Amino acid sequence: MQELRDKYIHAIASATDEAALEELRLAAVGKKGEISLKMRELGKMTPEERQTAGPALNALKDEINSALAAKKTALSDAALDERLQAEWLDVTLPGRDRRQGTIHPVSQVWEECTAIFADMGFAVAEGPQVEDDWYNFDALNIPGHHPARAEMDTFYIHRAEGDNRPPHVLRTHTSPVQIRAMQAQGAPIRVIAPGRVYRSDFDQTHTPMFHQIEGLAIDRDISMANLKWVLEEFFSAYFGTKVKTRFRASHFPFTEPSAEVDIQCSWEGGTVKVGEGDDWLEVLGSGMVHPKVLQAGNVDPAQWQGFAFGMGIDRIAMLKYGIPDLRAFFDSDLRWLRHYGFSALQVPTLRGGI
Ligand code: DAH
């Protein structure tokens with residue numbers, strides 16, 4: 001009995017989990033456990049033997065049961081301690097600082113332009129960036145042999161040999177949206193089309209992808225005078241100060257007559273200021289939409305006429321916010337983005353300053 005006692009008390013003390021403890025319990029005091037078997041043997045003993053063996057066996061059973069219970073408590077206390085250590089959390093620590101992103105100047109200016117033109121009744125039209133070359137050129141009165149086609153440094157979409165679909169290009173300007181908008185909506189129409197355009201060109205003032213905003217207004221009696229008013233209204237709202245414009249005769253295949261438009265500026269102190277001084281800065285191309293272009297858009301030139309213009313979004317963003325290098329727009333340099341970016345809560349203003 002002493003041996004039995006030593007064996008179980010020792011084993012219980014060194015058990016490392018509850019499963020091991022349960023095995024020991026079954027082996028010692030379970031129905032078929034060693035101590036239970038010994039108790040069953042009591043019946044075969046003489047009354048004298050039974051008198052000493054009975055109480056001793058009972059005492060042993062009690063001792064083992066209480067050793068099991070004590071060990072079980074100790075094991076679960078240890079498990080709880082371990083969890084408390086592992087899952088400890090300091091809820092008083094300050095939160096982790098997460099930097100807020102900013103709105104890119106191009107997005108900001110895109111929104112500003114859209115808001116100003118929307119206020120003058122222009123809706124937003126869209127077209128694909130991978131454009132059918134008919135829309136990008138022919139429909140705009142730029143035939144296959146026209147130098148503008150070569151001048152534009154066009155990216156052509158690859159065609160496998162034997163693929164006879166019409167050629168597609170990355171659109172070189174937003175002007176094809178004029179055609180798509182006229183085809184979809186007919187006349188009268190008043191839309192702008194901001195978007196990405198592509199040309200194979202790269203230096204301080206050119207990137208292979210940049211942004212333009214196209215304008216188109218067609219009605220019965222729209223004239224260059226309306227164009228001039230709309231543009232002066234736009235630039236004054238955009239720059240937040242009265243801005244004069246100057247129209248210079250020019251040539252574009254898709255307009256007749258055509259004009260390049262300059263805005264008033266000064267170069268005092270080496271930086272450009274718009275809306276003052278007596279220098280001029282070229283900012284866009286425009287004109288009266290060519291009859292052939294109206295026809296391509298299924299609009300009857302005998303009944304309808306109007307103006308169009310196209311302007312670089314990146315360029316007017318640089319002018320308004322004093323950004324010197326166009327390429328930085330597309331470098332995704334976080335320091336640059338934080339410096340020139342806008343808070344998401346900074347809503348574009350209409351006619352600020354005038
Ligand atoms: N599409 C021309 C370009 O990218 C800009 C332009 C000029 C657009 C005159 C027009 C326009 O709508 O009338 O250089």
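How many nonpolar, polar and charged residues does the shell around the ligand have, by class? The shell has four nonpolar, nine polar and two charged residues. In this count Ala, Val, Leu, Ile, Met, Phe, Trp, Tyr, Cys and Pro are nonpolar, Asp, Glu, Lys and Arg are charged, and the others, Gly among them, are polar.

## Basis of the model

This is a predicted model, in which local features need pLDDT of at least 70 and side-chain atom pairs count only at pLDDT 80 or more, while totals for chains, interfaces and linings use all residues. Residues are numbered from 1 along each chain as its sequence is written, and side-chain values use heavy atoms, with hydrogens and water left out.

## The ligand and its surroundings

There are 15 residues around the ligand, and those that come nearest are His173, Ser175, Arg199, Gln212 and Glu214. A residue is near a molecule if one of its heavy atoms lies within 4 Å of it. Polar contacts, meaning pairs of N or O atoms within 3.5 Å, involve oxygen atoms of the ligand. An N or O atom in the side chain of Arg199 is 2.8 Å from a ligand oxygen. For Gln178, a polar side-chain atom lies 3.1 Å from an oxygen atom of the ligand. Phe309 takes part through its backbone, with a polar atom there 3.4 Å from a ligand oxygen. The ligand exposes 360 Å² when taken alone, and the protein buries 90% of that. These areas come from the Shrake-Rupley method with a 1.4 Å probe.

The ligand sits in the largest pocket. A pocket is found on a 1 Å grid over the protein atoms alone, as an open set of points where a 1.4 Å probe fits, with protein on both sides within 12 Å along at least five of seven lines. A molecule sits in a pocket if more than half of its atoms lie within 2 Å of the grid points of that pocket. Strand 5 (209-219), strand 9 (279-289) and strand 10 (305-312) are the elements that give two or more residues to the shell around the ligand. Helices (H or I, at least four residues) and strands (E, at least two) are DSSP runs, numbered from the N terminus.

## Helix 8 and the loop after it

Helix 8 covers residues 176-185, and its buried residues include Pro176, Val177, Gln178, Ile179, Ala181 and Met182. Buried means under 20% relative accessible area, exposed means over 50%, and partly exposed lies in between, with a 1.4 Å probe and protein chains only. Gln178 is thus named both among these buried residues and in a polar contact with the ligand.

Gly186, just after helix 8, takes a positive phi of about 70°. The peptide bond from Ala187 to Pro188 is cis, with omega near -5°. Pro188 belongs to the loop between helix 8 and strand 4 (189-198).

## Other backbone features

Another cis peptide bond joins Glu256 and Pro257, with omega of about -5°. Pro257 has its place in strand 7 (residues 255-266).

Asn141 is a residue other than glycine with a positive phi, near 65°. The loop that holds Asn141 runs between helix 6 (133-136) and helix 7 (147-151). Asn141 counts as buried because its relative accessible area is 18%. Ser332, also not a glycine, has a positive phi near 55°. Ser332 is in the loop between helix 11 (313-321) and helix 12 (334-340). With a relative accessible area of 56%, Ser332 is exposed.

## Positions along the chain and in space

Ala11 is in helix 1 (residues 2-14) and counts as partly exposed, at 22% relative accessibility. Ala13 lies in helix 1 as well, and at 52% Ala13 counts as exposed. From Ala13 to Val91 the C-alpha distance is 38 Å, with their positions 78 residues apart in sequence.

Ile313 is in helix 11 and is buried, with 0% relative accessibility. Ala11 and Ile313 are 302 residues apart in sequence and 83 Å apart in space, C-alpha to C-alpha. Ile313 and Cys113 are 200 residues apart along the chain, yet 8.7 Å separates their C-alpha atoms.

Lys273 is in strand 8 (residues 273-274). At 40% relative accessibility, Lys273 counts as partly exposed. The C-alpha atoms of Lys273 and Phe239 are separated by 9.8 Å, and the two residues are 34 apart along the chain.

Technical notes. A polar contact is a pair of N or O atoms within 3.5 Å; within protein, one must be able to donate a hydrogen and the other to accept it, and residues adjacent in sequence count only if both atoms are side-chain atoms. On a 1 Å grid over the protein atoms alone, a cavity is a set of points where a 1.4 Å probe fits but cannot get out, and a pocket is an open set with protein on both sides within 12 Å along at least five of seven lines; lining residues have an atom within 4 Å of a point.
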